[in-house]
Amino acid sequence: MSVVEPGFSGSAQTDRRRFLTTAGALLVGGAAAASRTFAHPSGALTETAAAGARAMLATPIVDTHQHLWNLETQKLPWLDGAPEVLKKTYWLNEYAAATEGLNIKSAVYMEVDIAPDQQISEADTLLEICRKGDAPTIAAVISGRPNSEEFARYIHRYAKAKPIKGVRQVLHPPDCPRGLCLEKQFVRSMNLLGEIGMSFDLCMRPEDLSDAVTLVRQCPGTRFVLDHCGNADPGSFLSESVRKEAPKHDTEAWKANILQLAEQSNVICKISGVIASAPTGVPFTDSLAPVINHCLDSFGPDRVIFGGDWPVCLLGAPFREWVSTLLTIISNRPQAEQEKLLHKNAEKFYSLLTQ
Ligand SMILES: [Zn+2]
């Protein structure tokens with residue numbers, strides 16, 4: 001299955017809005033602002049933001065969703081139609097600069113929907129980085145095509161490689177058929193991942209989350225990570241008087257599906273991605289809180305992990321602003337719960353301290 005979004009390939013004009021609602025959803029889901037500046041929408045640094053900034057330096061972070069791509073050697077077909085900010089190399093030096101001053105303890109690489117013929121070289125490169133040990137990246141979730149009969153052979157190649165923790169295939173490009181994750185071969189591959197101790201990242205359209213519920217019930221022996229708060233569109237949660245556009249999905253259905261996923265003990269939720277699609281003109285803390293709080297309350301303090309989603313987060317804000325926004329939103333929760341979200345749960349889920 002091609003992951004290229006045909007409408008964007010070679011297009012002279014990049015329609016950012018369209019990209020984000022279609023091809024851009026490959027990595028981030030939803031729609032981001034057209035010409036956002038990186039300043040806090042409300043202007044001055046508020047007291048809570050200042051408190052968030054102080055907390056930002058104090059709390060160690062495990063970033064479970066770090067993208068890296070080198071455009072000199074790697075092909076990412078979806079970038080053809082992407083906003084310019086994403087069309088450059090983002091590698092370890094750039095990550096270090098973007099996270100400078102943050103207390104990043106370690107990072108888990110997240111696959112970047114690379115051209116399928118480069119999946120093995122992507123995984124091998126990451127394995128090398130993880131084993132070298134001189135970067136924060138100590139583990140990786142690699143690309144894969146679970147609906148292919150070749151998947152078993154592919155993944156067995158990494159079955160004994162401890163830094164390789166799981167697999168992801170983004171399931172919401174427009175050409176990704178609905179129900180793909182419920183096909184027999186796909187489910188077989190999910191069970192195989194469970195057998196070899198790997199997880200699968202669910203990154204899908206919010207309206208397809210009911211498929212995720214069916215899938216995770218069918219594979220109780222496999223651990224799943226729900227990416228990006230189930231790809232909720234934060235703008236859809238704003239009241240009608242504040243909202244500039246019609247909701248992009250049914251927010252009540254999203255809430256119900258999140259609750260159903262949270263009922264399954266083999267699923268955890270990654271708090272990530274949402275800032276890339278935050279609406280303009282509303283403080284991030286206001287627009288993101290309903291989504292983040294519903295996920296945190298549904299999954300509870302032990303089954304939520306933090307993801308930076310850099311550099312895709314740049315569609316909404318720099319990495320550190322995502323962190324400070326999140327810290328502000330969770331600032332009224334117990335310190336122990338904040339620490340679980342920011343690093344302890346991830347260390348446990350991925351066995352980062354004992355691998
Ligand atoms: Zn991402």
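**Exercise 1. Follow the bridges at R168.**
In strand 5, which residue is the bridge partner of R168?

*Solution.*
Step 1. This is a predicted model. Look in strand 5: the bridge partner of R168 there is D201.
Step 2. Follow the chain between the two strands. From strand 4 it passes through helix 6 (residues 184–195) and arrives at strand 5, in a right-handed β-α-β crossover.
Step 3. Now take the whole pairing. Strand 4 and strand 5 (residues 199–202) run parallel and are joined by 3 bridges.
Step 4. Turn to strand 3. There, S143 stands opposite R168 of strand 4.
Step 5. Strand 3 (residues 137–143) pairs with strand 4 in the parallel sense, over 4 bridges.
Step 6. Add the helix. Strand 3, helix 5 (residues 151–156) and strand 4 form a right-handed β-α-β unit.

**Exercise 2. Judge the surroundings of strand 4.**
Why is strand 4 (residues 164–168) largely enclosed by the rest of the structure?

*Solution.*
Step 1. Recall the cut-off. A residue is buried if 20 or more other C-beta atoms lie within 10 Å of its own.
Step 2. Apply it along the strand. In strand 4, 5 of the 5 residues are buried.
Step 3. Conclude. Strand 4 is largely enclosed because its residues are buried.
Step 4. Set this beside the chain as a whole. Of its 355 residues, 51% count as buried.

**Exercise 3. Find the unusual backbone.**
Which residues of helix 8 have a positive phi although they are not glycine? Examine C229 and N231.

*Solution.*
Step 1. Start from the general rule. Most residues other than glycine have a negative phi, and most peptide bonds are trans.
Step 2. Check C229. Its phi is positive, about 55°, and C229 is not a glycine.
Step 3. Locate C229: helix 8 (residues 228–231) holds this residue.
Step 4. Check N231. Here too phi is positive, about 55°, and the residue is not a glycine. N231 also belongs to helix 8.
Step 5. Test burial. C229 has 25 other C-beta atoms within 10 Å, so C229 is buried. N231 has 29 within 10 Å, so N231 is buried as well.
Step 6. Finish with a peptide bond. The one from W310 to P311 is cis, with omega near 0°. P311 sits in the loop between strand 8 (304–306) and helix 11 (319–329).

**Exercise 4. Explore the core.**
How many residues does the largest nonpolar core have?

*Solution.*
Step 1. Read the count. The largest nonpolar core has 97 residues. Among those with the most contacts inside this core are I271, I292 and C313.
Step 2. Ask what supplies the core. Helix 10 (residues 284–299) gives the largest share, 7 residues.
Step 3. Zoom in on I292. Leaving out residues up to four places away in sequence, I292 touches C229, I271, V274, L326 and I329.
Step 4. Step back to the chain. Among contacts between residues at least 6 apart in sequence, 81% join residues at least 24 apart.

**Exercise 5. Weigh the confidence.**
Where does the pLDDT stay under 50?

*Solution.*
Step 1. Take the average. The protein chain averages a pLDDT of 88, and 84% of the residues score at least 70.
Step 2. Check the start of the chain. Over residues 1–18 the pLDDT is below 50, and this stretch has 31 contacts beyond near neighbours in sequence.
Step 3. Move along. Over residues 20–45 pLDDT stays under 50, and the model has 68 contacts there beyond four places in sequence.
Step 4. Draw the lesson. Where pLDDT is low, the predicted coordinates should not be read in detail.

Terms used: Residues numbered from 1 in each chain as written. Predicted model: local features only at pLDDT ≥ 70, side-chain atom pairs only at ≥ 80, totals over all residues. Buried ≥ 20, exposed ≤ 12 C-beta atoms within 10 Å, placed from the backbone. pLDDT = per-residue confidence, 0-100. Contact = placed C-beta atoms within 7 Å. Core = buried A, V, L, I, M, F, W, Y, C linked by C-beta atoms within 7 Å. Pairing = 2+ DSSP bridges. Right-handed = clockwise from strand over helix to strand, strands pointing away.
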